[in-house]
Amino acid sequence: MRLRIPTDLAGLLQTGLLRSVGSLGIKVATAGLTYLTYVVLSRTQTNDEYGHFAFGLALATVLAIVAGAGQPMAVLRLWAEQRSKGDETGARATIAAGATITLYGSLGVAVLLCLGAVLYWPFAGPDETINHFFGAALLILPLALSEYNSSALRAQGSLWTALLPRDIFWRLALPALVLALFAFNVVLSGPDALTLAAALLLTMLGLQMLLADRRGYAIMPARAPVPAHWRRWGGLSRWLLLGALIETAALNADVILVGLLLDLESSGLYFNAIRTAGLMTLFTFAIELVIAPMVAEHYHAGNMRQAQAITALCSWAGFVFSLVIFLCFGLFGTEILSLFGAGYAEGWLILMLLSFGLLFDAITGPSKIVMMMTGHERPYVAIFGTIMGLGLLLQILVIPFWGLIGVAAVNMAARICAQIGIALWCRFQIGLDTSLLGILWLGKGRDAARA
């Protein structure tokens, strides 16, 4: 039986799909260039140095979320919400304040990490270095600011200016420069690679901000709006920060945990497996980049049918893409992992466990985005954070007995439970079915009523 899409929703879905395809094109290129970067570094570095790079990148990614103080997610929601109420000045002030908070937060977190590394130094082993901590500290600011700039520009309707500098130009320049140095017999250590990545990303950010400002987008930081912004939205920002931190920790804390409790070589192997598994979420993530401000706009305007249509589009498009990639991993996962080197091919089972957990991200659809954009960030933190936090504690217990396989299995189980939990909340508390079943609302021509 053919599903008939209501006429009044067809245009909305077509617009969302076309923009999502453009976003997907960028993200596919991003994934390819990111993968190329990891392959180049793993092939030009020793396993130990590549482990230092993987550990430092994972640590910097988590701490960059802390430094952002929830502003990337807040600006997506608040720009749409304030403009829907006619508050153009308030919307622009929100972007300026968020940029300033991200800038100061990044510098503060980087300084604290350096101090922590210095304090740890006397307790390090004789052959152990702490330089990768300093490399991670340098990377915090560019990572945090690039994430915020991307959100701020996407909220204003920009796609290419928002994504190209970080997702394409930076990821193209980094492996190219590493290979050029290698051609002159310059082999980068893990900390060197982190420092180079930070310098290149800062350069791209400077160019992005100049271009965005010339095109009339709000992007530049300003101190004046910060106090009023934090008084009004500080509580919201803290909850959005927790939500973003939990999701980022779910993708990076395992790498840090393995590096601390096992060794950095194992950390590199697990890093490659989880980054490879993450390719499954490319289309879902690409669509979410587009639909986040759309969901916020329609929900806060009371247009629940439009919001439901957008989430249904996201869930089905993301699921089909994820399922194809999952099957490819099952057939060719060993060959894919061997691109990093012969020693990494043994991570096939780890890859499949992590991938099966991420498949549920696609099955349950954009539940996280829906909760964040509709004012349900606290339940998201409670449900997703509690389940993933318990999973992290369980990983600590299983590592001595089952090693990397145990870590991956716990990650899979925790993610499945957490995704089902937040999808059920969206269905029964928000009134939007983010799962694959959400398309039935459109087929029956019914509206999703706000709970």
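In this predicted model, T276 touches Y35, F329, I336, L337, F340 and L351, leaving aside residues up to four places away in sequence. T276 belongs to helix α9, which spans residues 264–277. Its relative accessibility is 0%, under the 20% limit, so T276 counts as buried. The side chain of T276 also has a polar partner within the chain: one of its polar atoms lies 2.6 Å from the backbone oxygen of N272.

A277 is likewise part of helix α9. Is A277 buried or exposed? A277 is buried, because its relative accessible area is 0%. Not counting residues up to four places away in sequence, A277 touches F329, L351, L354, S355 and L358. F329 and L351 appear among the contacts of T276 and also among those of A277. A distance within the chain can be given for A277 as well: its C-alpha atom is 32 Å from that of G108, a residue 169 positions away along the chain.

On the surface, L260, L261, L390, L393 and I396 form a nonpolar patch. Together these residues have about 490 Å² of accessible area. Two elements, α8 (226–261) and α14 (377–430), each give two or more residues to the patch. Which element supplies the largest share? That is α14, with three residues. L390, one of the patch residues, is found in helix α14. With 54% relative accessibility, over the 50% limit, L390 counts as exposed.

The table lists the three residues discussed individually.

| Residue | Helix | Relative accessibility | Class |
|---|---|---|---|
| T276 | α9 | 0% | buried |
| A277 | α9 | 0% | buried |
| L390 | α14 | 54% | exposed |

As for the chain as a whole, its secondary structure consists of 15 helices and zero strands. The chain has 451 residues, and 59% of them count as buried. Its C-alpha atoms fill a box of roughly 65 × 55 × 40 Å along the principal axes. The radius of gyration is 21 Å, and a compact globule of 451 residues would have a value near 22 Å, so the chain agrees with that expectation.

Contacts between distant parts of the sequence can be counted too. Of the contacts in the chain with a separation of 6 or more, 82% are between residues 24 or more positions apart. The chain exposes about 18600 Å². Carbon and sulfur atoms supply 68% of this exposed area.

Key:
Residues numbered from 1 in each chain as written. Predicted model: local features only at pLDDT ≥ 70, side-chain atom pairs only at ≥ 80, totals over all residues. Heavy atoms only, no water. Patch = residues over 30% accessible without salt bridge, like charges linked within 9 Å, V, L, I, M, F, W, Y side chains within 5 Å. Areas by Shrake-Rupley, 256 points an atom, 1.4 Å probe, with all protein chains shown as cover. Salt bridge = Lys/Arg side-chain N within 4 Å of Asp/Glu carboxyl O. Helix = DSSP H or I, 4+ residues; strand = E, 2+ residues; numbered from the N terminus. Buried < 20%, exposed > 50% of the residue type's maximum accessible area, 1.4 Å probe, protein only. Polar contact = N/O pair within 3.5 Å; in protein donor to acceptor, adjacent residues only side chain to side chain. Contact = heavy atoms within 4.5 Å. Rg over C-alpha atoms; globule rule 2.2 N^0.38 Å.
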